[in-house]
Amino acid sequence: MELLKCVKRYSTIFVVDSVALIGLFYLWNWEYRHLVQAMSLYCIGGTYLYCRLKAREKISPNQAIVVTGCDSGLGYSLALHCRQLGATVIASVLHIDGTGAKQLEKEGVLVYPLDVTKTKSIENFTDSVRMVLNKQKLVLRCLINNAAVMIFGEFEWQTDEQLMHQVEVNFLGTMRVTRGLLSTIRAHFSRIIVISSHCNIQPIPGVAAYSGTKAALSAWATAIRLELKKYGVKVVCFIPGSFVGESNILARQAEHFETMKRSISAEVETFYGDYFARYSQYFSSVAQGTNLKKLKDVGVYEVFEGALLDKYPSAVYKNESWRYFIYHALFAVTPTWLRDLLVQKFVQGPSWTEKVVAGPSTVSKLQKSQEDASKSLNLENKSEDKDKTLEKF
């Protein structure tokens, strides 16, 4: 396994050196021997420099890694992975009596409650982290800011509370936890990993608020990376790719749609008609909760290890499939009108039809529309549609 990881990490230089060796062989046969000698020195120097830049540090049990948002999904998986790497892991959970917290404790992870929207909870958590570090004489190796929430729904539908909750958790919560531990981070020359998203690179319709918070996080991380560099603190962004189908980040989506339906005005209900019903029915069906489990995508852990262990880390680490790579490359180079078409094709959500539902009993009509929408869904292709939709986020 370690050999395979090494081959993957240095695959680029292996290929370059192999091609260079073939070229040098032919140059030698053509009697360009002085050129071969010079090029050989360049190749040796380039290989050495590349390997130095790709060097990774080791993890030891006296080093602690703090991970926020570990009830399920990515946070839960990264906490377990860091534990397997040999670090002492301090994990925050929203529900201290939840299944995730209990399972992490069984694996030797130190678990503490944390609500990143509450100042007192943040103070208690950061105090607990410092207490563990002092008591066990640990060095804080890294803070992984993972806690996040996502709510589907067009921007006009989402309530002030839903919008503020995403801003409070995803953006302000990350800043507050980091600031609470910053003196310790500076003292220990720690690393900060900020969990970002592809929605930061290309915002997606339906998650405008979530995309906005991730873009704000990226800008903030860039700024503090430059601020903290002079103190020996490294800041990196990690984009883990799509894993919504293996997470509970959307477990309450049906409840969120109910809240939207109760809050939107009669004029808005009338304008959107059955589109709201079809939209909420579709995303409620694909956004089901899942059983607690570790993420299966090995690419997540391979890229994450680079963000955590690289001696000279990059500013951004991305785990993405070829499909993601091609789409985002097209998003970057195409004109706006074409990019918008590509984004709509990429999302593949319910289509909008300019149909207005009139009449006083809008709520009852919406309920009827939702029932009709449920019947019109192709049940045979529901599993396939779910996979395609969840891949985008």
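Which helix lies across E4 and E5, running at about 170° to E4? The legends below take up this question along with other parts of the model, which is a predicted one.

**View 1. The open sheet and the order of its strands.** In this predicted model, seven strands form an open sheet in the order E3-E2-E1-E4-E5-E6-E7, and their pairing is parallel. At the edges stand strand E3, covering residues 110-113, and strand E7, covering residues 316-318, each of which pairs on one side only. Going from one strand to the next, the twist averages 20°.

**View 2. The pairing of strands E5 and E6.** Strand E5, made of residues 191-195, and strand E6, made of residues 234-239, pair in the parallel sense, and five bridges join the two. Within this pairing, Val194 stands opposite Cys237 in E6.

**View 3. Two helices that lie across strands of the sheet.** The helix asked about at the start is H7, formed by residues 160-187, which lies across E4 and E5 and runs at about 170° to E4. Helix H4, formed by residues 73-84, lies across strand E1 (63-67), strand E2 (88-93), strand E4 (139-145) and E5, and its direction is at about 165° to E2.

**View 4. The largest nonpolar core.** This core has 33 residues, and those that touch the most other members are Ile65, Leu104, Ile144, Ile193, Phe238, Phe304 and Leu308. Two or more residues each come from E1, H4, E2, helix H5 (99-106), E4, E5, E6 and helix H13 (298-309), and of these elements H13 gives the most, with seven residues. When residues up to four places away in sequence are not counted, Phe304 touches Leu78, His81, Cys82, Ile144, Ile193 and Phe238. Another core, of 31 residues, lies apart from this one, and among its members are Ala64, Val177, Ile185 and Trp220.

**View 5. Thr178 and its surroundings.** Is Thr178, a residue of helix H7, buried or exposed? Thr178 counts as buried because its relative accessible area is 3%, which falls under the cut-off of 20%. The side chains of Thr178 and Asn145 are joined by a polar contact of 3.0 Å. With neighbours within four places in sequence left aside, the residues in contact with Thr178 are Leu143, Asn145, Ile185, Ile192 and Trp220, and of these Ile185 and Trp220 are also among the residues of the core of 31 residues shown in View 4.

Note on methods
Residues numbered from 1 in each chain as written. Predicted model: local features only at pLDDT ≥ 70, side-chain atom pairs only at ≥ 80, totals over all residues. Heavy atoms only, no water. Pairing = 2+ DSSP bridges. Helix = DSSP H or I, 4+ residues; strand = E, 2+ residues; numbered from the N terminus. Axes fitted to C-alpha atoms, helices over the stretch in contact; angles between N-to-C directions. Contact = heavy atoms within 4.5 Å. Core = buried A, V, L, I, M, F, W, Y, C linked by side-chain atoms within 4.5 Å. Buried < 20%, exposed > 50% of the residue type's maximum accessible area, 1.4 Å probe, protein only. Polar contact = N/O pair within 3.5 Å; in protein donor to acceptor, adjacent residues only side chain to side chain.
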